[in-house]
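This report describes the fold of one protein chain for a reader who is new to structural biology. Please keep the model in view while reading.

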Amino acid sequence: MTEKRERQRRVLRKLPPLEQLLRGSLVVRFLRCGKPGCHCASSEGHRATYFCVTFPGGKTEQISLPAELVPQVERGIAAYHAWWAAVEKISALNREEIRRQRQLRKRSASRSPRSRRLR
Ligand SMILES: [Zn+2]
């Protein structure tokens, strides 16, 4: 196996399952419910967690999250970033490969100008 293929495999092996992927972010807000006598009036407020995603054109979708769904959403967001990082790494390796092949071609072309004319 070529070095590039091995490096690509290494990048791909570390990826979380694609089906976990979730684009968006977690937002935590502290809210005051307004009930008289509630502790939130004198504290930072009730912690509320949302999953937010923005679409082209600026439309935003927001889902209020119960605490038990937060780890699943965090895994999904981490998977999204891991896949994008992998796309960048694979792309960089392929770019290197294109440069290397281009260099090889240049070298062989300058070494045998006759074979180039024959093609
Ligand atoms: Zn309250």
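In which loop is the place of Leu 21? Leu 21 sits in the loop between helix α1 (3-13) and strand β1. The model discussed here is a predicted one, and the loop residue serves as an entry point to its description.

**Surroundings of Leu 21**

Leu 21 is partly exposed, because 18 other C-beta atoms lie within 10 Å. When its neighbours within four places in sequence are set aside, the contacts of Leu 21 are Gly 76, Ala 79, Tyr 80 and Trp 83. Leu 21 and Gly 57 are 36 residues apart along the chain, and their C-alpha atoms are separated by 22 Å.

**Overall form**

The protein contains three helices and three strands. In sequence order these elements give the pattern α-β-β-β-α-α. The protein is more spread out than a compact globule, because its radius of gyration is 26 Å, well over the 14 Å that the globule rule gives for 119 residues. Along the principal axes, the C-alpha trace spans about 90 × 35 × 25 Å.

Burial in the protein can be stated briefly: buried residues account for 1% of the 119 residues. As for contacts between residues at least 6 apart in sequence, 53% join residues at least 24 apart.

**The sheet**

How many strands does the open sheet have, and in what order? The sheet has three strands in the order β1-β2-β3, and the pairing is antiparallel. Strands β1 (25-31) and β3 are the edge strands, since each pairs on one side only. From one strand to the next, the twist averages 35°.

Strands β1 and β2 run antiparallel and are joined by seven bridges. Strand β2 (residues 46-54) also pairs with β3 in the antiparallel sense, over six bridges. The table lists residue pairs that face one another across the sheet.

| Residue | Partner | Strand of the partner |
|---|---|---|
| Ser 25 | Cys 52 | β2 |
| Val 27 | Tyr 50 | β2 |
| Val 53 | Glu 61 | β3 |

Strands β2 and β3 form a hairpin with five residues between them. In the turn of this hairpin, Gly 57 has a positive phi of about 100°. Gly 57 is also the residue whose C-alpha atom is 22 Å from that of Leu 21.

**Cover over the strands**

Are the residues of the edge strand β3 buried, or does the strand lie in the open? Strand β3 (residues 60-65) lies largely in the open, because the number of buried residues among its six residues is zero. Strand β1 is likewise hardly covered, with a count of zero buried residues among its seven.

**Surroundings of Phe 51**

Phe 51 belongs to strand β2. Why does Phe 51 count as buried? Phe 51 has 21 C-beta neighbours inside 10 Å, and a residue is buried if 20 or more other C-beta atoms lie within that distance. Apart from neighbours within four places in sequence, Phe 51 is in contact with Gly 24, Leu 26, Ile 63, Leu 65 and Val 73. Phe 51 and Leu 69 are 18 residues apart in sequence, and the distance between their C-alpha atoms is 10 Å.

**Summary**

The predicted model thus presents an open sheet of three strands in a protein that also has three helices. Phe 51 in strand β2 counts as buried, whereas Leu 21 is partly exposed.

Conventions:
Residues are numbered from 1 along each chain as its sequence is written. This is a predicted model: local features need pLDDT of at least 70, side-chain atom pairs count only at pLDDT 80 or more; totals for chains, interfaces and linings use all residues. Helices (H or I, at least four residues) and strands (E, at least two) are DSSP runs, numbered from the N terminus. The radius of gyration is taken over C-alpha atoms; the globule rule is 2.2 Å times the number of residues to the power 0.38. A residue is buried if 20 or more other C-beta atoms lie within 10 Å of its own, exposed if 12 or fewer, and partly exposed in between; C-beta atoms are placed from the backbone. Two residues are in contact if their C-beta atoms, placed from the backbone, lie within 7 Å. Two strands pair if DSSP finds at least two bridges between them. Axes are lines fitted to C-alpha atoms, for helices over the stretch in contact, and angles run from 0 to 180 degrees between N-to-C directions.
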